[in-house]
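Please walk me through this structure, step by step. I am seeing it for the first time.

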Amino acid sequence: MKVIICVLQHEVDIELGHQEPVMEIKRKIEQHLGIPMASQTLSICGWELLDELYTKDYPIITEGTRIDLTIQSMQLPPPLDQTNKIQILIKFSTRQHPMEVERTETVRSLKEQIHIIDGTPIRRMSLFFSGRELEDDYRNLGEYGIRESSEIIVLRKVANRQRDEPPSRRLNIVVQTSSSLLNAASIPLEMSDSSTVNELRQLLVSGKILPLDDYLFIHKQRIMRDSCSLRWHGVEDGDFLYVFKGTVTPGESSV
């Protein structure tokens, strides 16, 4: 399954198994982003993931789950008094690129060179070295401890979702209950596509269309997630949503 690692203003997709230890998640993050495992703290909704547990111990971890990554501060090694020109490795999410730079160059200057190579807008670019973000200040690369063969991680800042997302649309949907609920009733509703599944649930319960209980909502044979919107699930005008009594069990994602 694919989960989303959220660090500062960035998001990175990581593939996980359903029974992997938390330490393996940290190892994959170190492999992808170069952030040492010892400096990583992982959490979901404020709950820290413990190193000795597995993904199966956290039922909330399913396809598309967002895991927050906090980077603990690390002491950077002092710069070495070497020649001014050094070879460093620029690591993107899917590739890497060697680059020759001067230790006296600023972070801003390095970003401008990376922009030429990769095309990433400078305002949306963040650079990391040894788990620490490099700021656009007057310090040069050498003052950050960057030396020969150092690895610089490039992350793209997440765009403003409210600005980038299209405006909400009104959807006419049909909620179809199972035979054990209301004799398999078909319930037409009009809702915004930005409404979450939990809001749909509350609407049905508060309107006494459904009794207070635990329910699963299904769209195109996929279990819907309470915190995600109808738009996120790909619900279109005229679609049917099926509701059954029950709760999600670990590893369950389709019916």
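The protein has four helices and 15 strands. The model is predicted. Of the 255 residues, 42% count as buried. Many contacts span long stretches of chain: among those between residues at least 6 apart in sequence, 59% join residues at least 24 apart.

Confidence comes next. The mean pLDDT is 81. A value of 70 or more is reached by 85% of the residues. Among the elements, strand β6, residues 85-91, has the highest mean pLDDT, at 92. Helix α3, residues 161-164, has the lowest, at 49. Two stretches also call for care. Over residues 75-82 the pLDDT is below 50. Beyond near neighbours in sequence, that stretch has 15 contacts in the model. Over residues 250-255 the pLDDT is again below 50. There the model has 13 contacts beyond near neighbours in sequence. Where pLDDT is low, the predicted coordinates should not be read in detail.

Now turn to a sheet. Five strands form it, and it is open. Their order is β2-β1-β5-β3-β4, with mixed pairing. Which strands stand at the edges? They are β2 and β4, the latter at residues 47-48. Each has a single partner strand, so one side of each is left without a neighbour in the sheet. The partner of β2 in this order is β1. These two strands pair in the antiparallel sense, over six bridges. Within this pairing, Ile5 stands opposite Val12 in β2.

Strand β5 belongs to this sheet as well. Thr70 lies in β5. Is Thr70 buried or partly exposed? Its relative accessibility is 45%, so it counts as partly exposed. Not counting residues up to four places away in sequence, Thr70 touches Ser39, Gln40 and Thr41. Take Gln40 as an example. Thr70 and Gln40 are 30 residues apart in sequence. In space, they are 5.9 Å apart, C-alpha to C-alpha.

The nonpolar interior is the next stop. In soluble globular proteins, nonpolar side chains tend to be buried together. Here the largest nonpolar core has 23 residues. Leu42, Leu49 and Leu69 have the most contacts inside this core. Several elements each supply at least two of its residues: β1 (2-7), β2 (10-15), α1 (22-33), β3 (40-44), β5 (66-71) and β10 (151-156). The largest share, four residues, comes from α1. The core also draws on two domains. At least three residues come from each of domain 1 (2-71) and domain 2 (85-156).

Look at Leu42 in more detail. Neighbours within four places in sequence are left aside here. Leu42 is then in contact with Val22, Ile25, Lys26, Ile29, Trp47, Glu48, Leu49, Ile67, Asp68 and Leu69. A second, separate core has 18 residues. Val101, Val107, Leu141 and Ile146 are among them.

Further along the chain comes helix α4, residues 197-206. Which of its residues are buried? They are Val197, Leu200, Arg201, Leu204 and Val205. Seen down the helix axis, these buried residues fall within an arc of 130 degrees, so they line one face of α4. They pack against four strands: β11 (170-177), β12 (186-192), β13 (215-219) and β15 (240-245). After α4 comes Lys208, whose phi is positive, near 60 degrees.

Arg201 deserves its own look. This residue lies in α4. Its relative accessible area is 10%, under the 20% limit, so Arg201 is buried. Leaving aside neighbours within four places in sequence, Arg201 is in contact with Tyr215, Phe217 and Asp226.

The last stop is β11, one of the strands that α4 packs against. Six of the eight residues of β11 are buried, so this strand is largely enclosed by the rest of the structure. How does β11 run relative to β12, parallel or antiparallel? The two run antiparallel, joined by seven bridges. Arg170 has Ser192 as its bridge partner in β12. With β15 the direction is parallel, and four bridges join the strands. Here Thr177 has Val243 of β15 as its bridge partner.

How values were computed: Residues are numbered from 1 along each chain as its sequence is written. This is a predicted model: local features need pLDDT of at least 70, side-chain atom pairs count only at pLDDT 80 or more; totals for chains, interfaces and linings use all residues. Side-chain values use heavy atoms; hydrogens and water are left out. pLDDT is the predictor's confidence in each residue, from 0 to 100. Contact means heavy atoms within 4.5 Å. Buried means under 20% relative accessible area, exposed over 50%, partly exposed in between (1.4 Å probe, protein chains only). The arc is that of the directions from the helix axis to the C-beta atoms. Two strands pair if DSSP finds at least two bridges between them. A nonpolar core is a set of buried Ala, Val, Leu, Ile, Met, Phe, Trp, Tyr and Cys residues joined through side-chain atoms within 4.5 Å. Domain bounds come from an automatic or database domain assignment.
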